[in-house]
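Visitor: Please take me closely through one part of this predicted model, and set it beside a few details from elsewhere in the chain.

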Amino acid sequence: MLFDRIVRPGLYRLARGDAETVHERTVRALGGLARTRPLTRGLRRYYGIDNPTTVFGVRFPNPVGLAAGMDKDGRAPGAWPALGFGFVELGTVTRLAQPGNPRPRLFALPDSEAVLNRMGFNNDGADALARRLAQHGKPEIPLGISIGKSKVTPVADAIDDYRASLTALHPYADYVAVNVSSPNTPGLRTLQDRGALTELLTELTRTSATLAREAGRTPVPLLVKLSPDLSTEAIAELLDVCVSHGVAGVIATNTTLARDGLTSRDAALADEAGGLSGRPLAARAREVVRFVHDEAGDRLPVVAVGGICTPDDAERMRDAGASLVQLYTGFALHGPALVRRVNRALAARPVHGAAGA
């Protein structure tokens, strides 16, 4: 595996082991790559897999997407189709620009096939992303945008934040993910409670319908991103709220506060604050996907994310009920070859639950 043995270790040596520096340099390089059309066309011919599916009314050229967190501010949207992704989710962005939590705040745990982060929604703000998309255009694949609450905004005023971000970004989004489950913004996860989520989704669905009517288009699908740390009873309540408010689907799951599954080599980082992603999350994410599918069926298509590090992981997510899958940690650790391998595996067996055609 060239990426695992040479490319990734080389990137970390050049960055003196700092995972966030590797991340920043990679996204910057991919942003430059996206401006080289002959190169992106050649890469897309190699990595791209044609396996279309339609979910919540959106046609995806293939069911493998890039999860939120990799390209928060939309600096390399044109690169992701070239690497074989069938859709990309930008963000999470907030109404207000914010620096996020103090560094270091991103840690690679390759021995555990995991990443630990406490980024804290560092981003340039929703208006800045809207300006960037207006100037440079959308990617050639469906675009999701994840929105969250600004850290300085009290939880009681969170609705205003989400509504402002939705208003700024709805012209560019093929779907909007409502992130109420990051563990790295104080108080954010309380928005998953029935009462708070009901108020939030009532306003966002109303806003989405108004914006669509004014623009002469159908409403942008709204998805809710779930925490893997919720009990089954809490997830069931959340799903009931989502169904009753016409939510188009759910993303399962966000990062976890649990530290199960770390190797002894990585155990020293277990006390670091933040959310864990990657291999240790795989089993729990799959459980949540299966529970959502069993509870809601086709009423709430599932976008599965969490611990997909091999084609088999993606197939098991599909078997659990996922309509689409997203990569983050697996892609960061294993490179674009993983996208191609996952796509080829899923193309060999039709992905479950394509809905909304």
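Guide: Axes here are lines fitted to C-alpha atoms, for helices over the stretch in contact, and angles run from 0 to 180 degrees between N-to-C directions; helices (H or I, at least four residues) and strands (E, at least two) are DSSP runs numbered from the N terminus. The model is predicted, with local features needing pLDDT of at least 70 and side-chain atom pairs pLDDT 80 or more, while totals for chains, interfaces and linings use all residues. Residues are numbered from 1 along each chain as its sequence is written, and side-chain values use heavy atoms, without hydrogens or water.

The part I would choose is helix H10, residues 311–320, which packs with helix H9, residues 282–296, at an angle of about 25°, the two axes being 8 Å apart. H9 and H10 are therefore roughly parallel to each other (an angle under 35 degrees). On the H9 side, the contact (heavy atoms within 4.5 Å) is made by Ala282, Ala285, Arg286, Val289, Arg290 and His293, and H10 contributes Arg316, Met317 and Ala320. Sorted by class, this contact of H9 with H10 has five nonpolar residues, one polar residue and three charged residues.

Seven of the ten residues of H10 are buried (under 20% relative accessible area, 1.4 Å probe, protein chains only), so H10 is largely enclosed by the rest of the structure. The buried residues in H10 are Pro311, Asp313, Ala314, Glu315, Met317, Arg318 and Ala320. Besides H9, the buried residues of H10 pack against strand S12 (302–305), strand S13 (322–327) and helix H12 (337–348). Just after H10 comes Gly321, which takes a positive phi of about 125°.

Burial of residues that carry polar side-chain atoms can also be followed elsewhere in the chain. Asp4, found in helix H1 (residues 2–14), counts as buried at 18% relative accessibility, and a polar contact of 2.6 Å (N or O atoms within 3.5 Å, a possible donor with a possible acceptor) joins its side chain to that of His334. Leaving out residues up to four places away in sequence, Asp4 touches Pro9, Leu333 and His334. Asn101, by contrast in setting, has its place in the loop between strand S4 (87–94) and strand S5 (106–109), and Asn101 is buried, with a relative accessible area of 13%. A polar atom of the Asn101 side chain lies 2.7 Å from the backbone oxygen of Arg118. Beyond its neighbours within four places in sequence, Asn101 is in contact with Arg118, Met119, Gly120, Lys151 and Asn184.

Notes. Angles under 35 degrees count as roughly parallel, over 145 as roughly antiparallel, 65 to 115 as roughly perpendicular and the rest as oblique. Ala, Val, Leu, Ile, Met, Phe, Trp, Tyr, Cys and Pro count as nonpolar, Asp, Glu, Lys and Arg as charged, and the others, Gly among them, as polar. Buried means under 20% relative accessible area, exposed over 50%, partly exposed in between (1.4 Å probe, protein chains only).
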